[in-house]
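Hi,

Here is the structure I said I'd pass on to you. Have a look at it first, and then read on for what turned up.

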Amino acid sequence: MSGPLSHLKVLDFTTLLPGPYATMMLADMGADVLRVEAPGRLDLTRVMPPHDRGVSTAHAYLNRGKRSLGLDLKKPESVQAIKALVADYDVVIEQFRPGVMDRLGLGYDVLNALNPGLIYCAITGYGQTGPYRDRAGHDINYLALAGVSSHSGRRGEGPPPLGIQVADVAGGSHHAVMGILAAVVHRQQTGEGQFIDVSMTDAAFALNGMAGAACLAGGAEPEPEGSLLNGGSFYDYYRTADGRWLSVGSLEPQFCGRLCDLLGIPEMKSYGLSQNSAHQAELKAAIKAAISKQDLAHWESVFAHQDACVEPVLTLSEAARHPQLQVRDMVIEVACDDGGSQRQLGHPIKFSRTPCQSRYIGKKLGADNDEVLGN
């Protein structure tokens, strides 16, 4: 087993997207992940279309490299099985609402008593404390309450439903992995395990970044198309003659100058860094008019060898074929049970000495019961 986390053993009680994405990352990095699921409680990603070889592509991807243990945690014998296993594990990660694991007899205090070095990570929508701790939610709700949606999209059109789940993945999954690995370092120094409380709303709020800094310390309430990076400047997307799109990020003077020269609007160069909204609107209109006259293929050829921060908006299939992503191994083949393989997204972190490995697609529920439980 390769990967920098090949020493780490993880018990995974999560479903749907945030937790499974986090433990997939850990498995790719070498961790031994044992996923625990209740046979009578369906994880929707197991049946979500489309399917490949009879397996949901969502499940095959999100649960690759993990072993599967099917246990009904409402049964005393299943709880005892987990208690027997936990002494040999480093990490428990769960995604239930606060208090559920306690009611099952598998909360942090119980498991910590059995294994004081245990790192226990709970991913929830709103965290373990506060008036919303027991409230249901989804990605779109967390982004809304965290203020992210309020300054996204076009003025007058309302916030857009995004193509990816930002609060779930950038919020829940990535922050869980960061927290777990930080706790692993702490345990190496002290021998102590600890409880990690990851709120997807907290994480989404933190992702406000520069807009959050400007609002909290500068009193500048962000709004759609109101800043340099959210459509309030020429930093934007522009439609081509054939209905495709170009992304223009030419903020620095040298890039803006090159952009204007290539578009045939050299007189607009000085407007690039102007704080005058009228100047930005004029520059934006000039770029829009120029780009709308030619198709995407033309503009790709114009900017192909130019440092101007201009790139085409690719479909996901086109992105998968792009030479940059191909050479970075971002499309990989993962082994299937039938001896074949499935194309999947690759792991984005590259290690020089301990490369990541995606060993096999998500398994059938309970596939490893006999091996794990000794039946």
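How many disulfides does a search of the whole structure find? Zero. Keep in mind that this is a predicted model, so everything below is computed from it.

The cysteines are a nice place to start. Take C256: its closest cysteine sulfur belongs to C260, and the two sulfurs are 4.2 Å apart, which is too far for a bond. A disulfide would need the pair to be within 2.5 Å. C256 is also tucked away: its relative accessible area is 1%, so it counts as buried. C215 is another story, because a relative accessibility of 23% makes it partly exposed. The cut-off for buried is under 20%.

C256 and C260 turn up again where two helices pack together. Helix 10 covers residues 253-263 and helix 11 covers residues 277-291. Their axes lie 10 Å apart, at an angle of about 45°, and the two helices are therefore oblique to each other. If you rotate the view, you can try to spot the handedness: helix 10 passes helix 11 in a left-handed crossing.

Which residues do the touching there? From helix 10 they are C256, L259, C260 and L263, and they meet L283, I287, A290 and I291 of helix 11. Sorted by class, this contact has eight nonpolar residues, with no polar and no charged ones.

Next, go to helix 1, residues 18-28. Is helix 1 mostly covered or mostly open? Mostly covered: 11 of its 11 residues are buried. Among the buried residues are P18, G19 and P20, as well as Y21, M24 and L26. D28 is on the buried list too. After helix 1 comes G30, which has a positive phi, near 105°.

Finally, some numbers for the whole protein. You should be able to count 15 helices and 13 strands. The C-alpha atoms fill a box of roughly 75 × 50 × 40 Å along the principal axes. Of the 375 residues, 44% are buried. And if you take contacts between residues at least 6 apart in sequence, 69% of them join residues at least 24 apart.

If you only have time for one thing, I'd color helix 10 and helix 11 and find C256 in their contact.

Cheers

How values were computed. Residues numbered from 1 in each chain as written. Predicted model: local features only at pLDDT ≥ 70, side-chain atom pairs only at ≥ 80, totals over all residues. Heavy atoms only, no water. Axes fitted to C-alpha atoms, helices over the stretch in contact; angles between N-to-C directions. Helix = DSSP H or I, 4+ residues; strand = E, 2+ residues; numbered from the N terminus. Parallel < 35°, antiparallel > 145°, perpendicular 65-115°, else oblique. Left-handed = near helix turned anticlockwise from the far one by under 90°. Contact = heavy atoms within 4.5 Å. Nonpolar A, V, L, I, M, F, W, Y, C, P; charged D, E, K, R; others polar. Buried < 20%, exposed > 50% of the residue type's maximum accessible area, 1.4 Å probe, protein only.
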